[in-house]
Amino acid sequence: MTSLKEQTDAQFAKTRQAKPEFAHQIDELLAKAREFQEGGKAIAVGQPAPEFSLPNPQGETVALSALLADGPAVVMFYRGSWCPYCNLQLRAMQARLPEIRELGAQLVAISPQMPDESLTQTERDALEFTVLSDQDARVAATYGVAWKVPELILEHMRNDRGLDLSAINNGNGSVLPIPATFVLSRDGVVAWRYVNVDYRTRAEPDDVIAALKDLSS
């Protein structure tokens with residue numbers, strides 16, 4: 001089975017081939033972001049996860065406390081349905097959803113997109129886990145994973161991809177979540193996490209499953 005990293009690496013290889021100068025600039029930009037420890041203030045293992053109540057694509061409000069009522073939860077922050085790396089991650093997690101549920105856990109994915117823009121109907125039908133809208137990345141900020149996106153990336157989104165994030169998110173289009181995954185115990189404490197300002201890399205589903213197994217042991 002192809003790992004998520006292999007899939008995301010292949011995705012960026014396409015970008016590197018099509019836009020080598022931009023890919024080089026991204027490499028340098030993200031290296032600086034790591035140097036300045038972007039994401040370094042994310043809630044740590046052993047800390048309680050902040051409570052949230054956010055709308056799903058149907059406009060219904062979902063609270064973290066409700067997700068934790070019956071067991072642990074996996075909370076994923078992603079940039080949006082326009083991000084190919086995010087879509088690879090969402091599909092990879094969907095493929096492992098039966099295992100996650102067998103371990104008694106809930107899976108929730110959170111992005112800044114508005115509820116009616118976060119997923120197409122086809123995408124909604126394909127995903128069987130909870131997807132929530134975090135306008136202006138406010139909840140992401142409480143988890144320490146909100147990031148003011150550098151102009152280079154915003155310019156690429158506007159000019160090369162035709163994306164107006166202010167319209168898509170109906171709010172601040174320059175603040176996005178650092179892709180991050182938190183495994184929370186039933187009492188809402190962070191048991192495992194993956195935080196990386198490099199949006200091209202994501203938590204491996206195998207590692208998420210292993211963290212859930214540790215909780216159940």
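Helices and strands here are DSSP runs, a helix having at least four residues and a strand at least two, numbered from the N terminus. The model is predicted.

**Stop 1: Pro112**

Select Pro112, which sits in the loop between β4 and α6 (121-126). Is Pro112 buried or exposed? Buried means under 20% relative accessible area, and Pro112, at 1%, therefore counts as buried. Now show its contacts. Leaving aside residues up to four places away in sequence, Pro112 touches Tyr78, Arg79, Ser133, Asp134, Gln135, Ala137, Asn169, Leu176 and Pro177. To check a distance, pick the C-alpha atoms of Pro112 and Asp136: they are 24 residues apart along the chain and separated by 5.9 Å.

**Stop 2: the sheet**

Next, colour the strands. Five of them form an open sheet in the order β5-β4-β3-β8-β9, and the pairing is mixed. Which strands stand at the edges? They are β5 (130-133) and β9 (190-195); each has a single partner strand, so one side of each is left without a neighbour in the sheet. From one strand to the next, the twist averages 15 degrees.

Select β4, residues 106-111. Five of its six residues are buried, so β4 is largely enclosed by the rest of the structure. Follow its pairing in both directions:

- Toward β3, the two strands run parallel and are joined by five bridges. Val74 has Leu107 of β4 as its bridge partner.
- Toward β5, the pairing is again in the parallel sense, over four bridges. Val108 is bridged to Thr130 of β5, and Ser111 to Ser133 of β5. Ser133 also appears among the contacts of Pro112.

When side chains are switched on, keep in mind that in a regular strand they alternate between the two faces of the sheet.

**Stop 3: helices across the sheet**

Add helix α4 (residues 84-95). This helix lies across β3 (73-77), β4 and β8 (180-184), and runs at about 165 degrees to β3. Then add helix α10 (residues 205-216), which lies across β3, β8 and β9 and runs at about 15 degrees to β8.

Within α10, pick Lys213. Its relative accessible area is 46%. The partly exposed class lies between the buried limit of 20% and the exposed limit of 50%, which is why Lys213 counts as partly exposed. Measuring C-alpha to C-alpha, Lys213 and Glu99 are 10.0 Å apart in space and 114 residues apart in sequence.

**Stop 4: helix α8**

Go to α8 (residues 151-160) and select its buried residues, Ile153, Leu154, His156 and Met157. Looking down the axis of α8, these buried residues fall within an arc of 155 degrees, so they line one face of the helix. Following α8 is Gly162, with a positive phi near 65 degrees.

**Stop 5: the largest pocket**

Which residues lie nearest the centre of the largest pocket? Select Thr15, Phe22, Pro84, His156 and Arg161, out of 16 residues that line it. The elements giving two or more residues to the lining are α1 (4-18), α4 and α8. The pocket holds about 260 Å³ of space. His156 is one of the buried residues of α8 from the previous stop.

**Stop 6: the cavity**

How many cavities of 30 Å³ or more does the structure hold? There is one. The largest cavity has about 50 Å³ of space. To see its lining, select Arg79, Trp147, Val149, Leu176, Pro177, Ile178, Pro179, Val197 and Tyr199. Arg79, Leu176 and Pro177 in this selection are also among the residues that Pro112 touches, which leads back to the first stop.

Note on methods:
Residues are numbered from 1 along each chain as its sequence is written. This is a predicted model: local features need pLDDT of at least 70, side-chain atom pairs count only at pLDDT 80 or more; totals for chains, interfaces and linings use all residues. Side-chain values use heavy atoms; hydrogens and water are left out. Buried means under 20% relative accessible area, exposed over 50%, partly exposed in between (1.4 Å probe, protein chains only). The arc is that of the directions from the helix axis to the C-beta atoms. Two strands pair if DSSP finds at least two bridges between them. Axes are lines fitted to C-alpha atoms, for helices over the stretch in contact, and angles run from 0 to 180 degrees between N-to-C directions. Contact means heavy atoms within 4.5 Å. On a 1 Å grid over the protein atoms alone, a cavity is a set of points where a 1.4 Å probe fits but cannot get out, and a pocket is an open set with protein on both sides within 12 Å along at least five of seven lines; lining residues have an atom within 4 Å of a point. Grid points are joined across faces, edges and corners, and a volume is the space filled by probe spheres set on the points.
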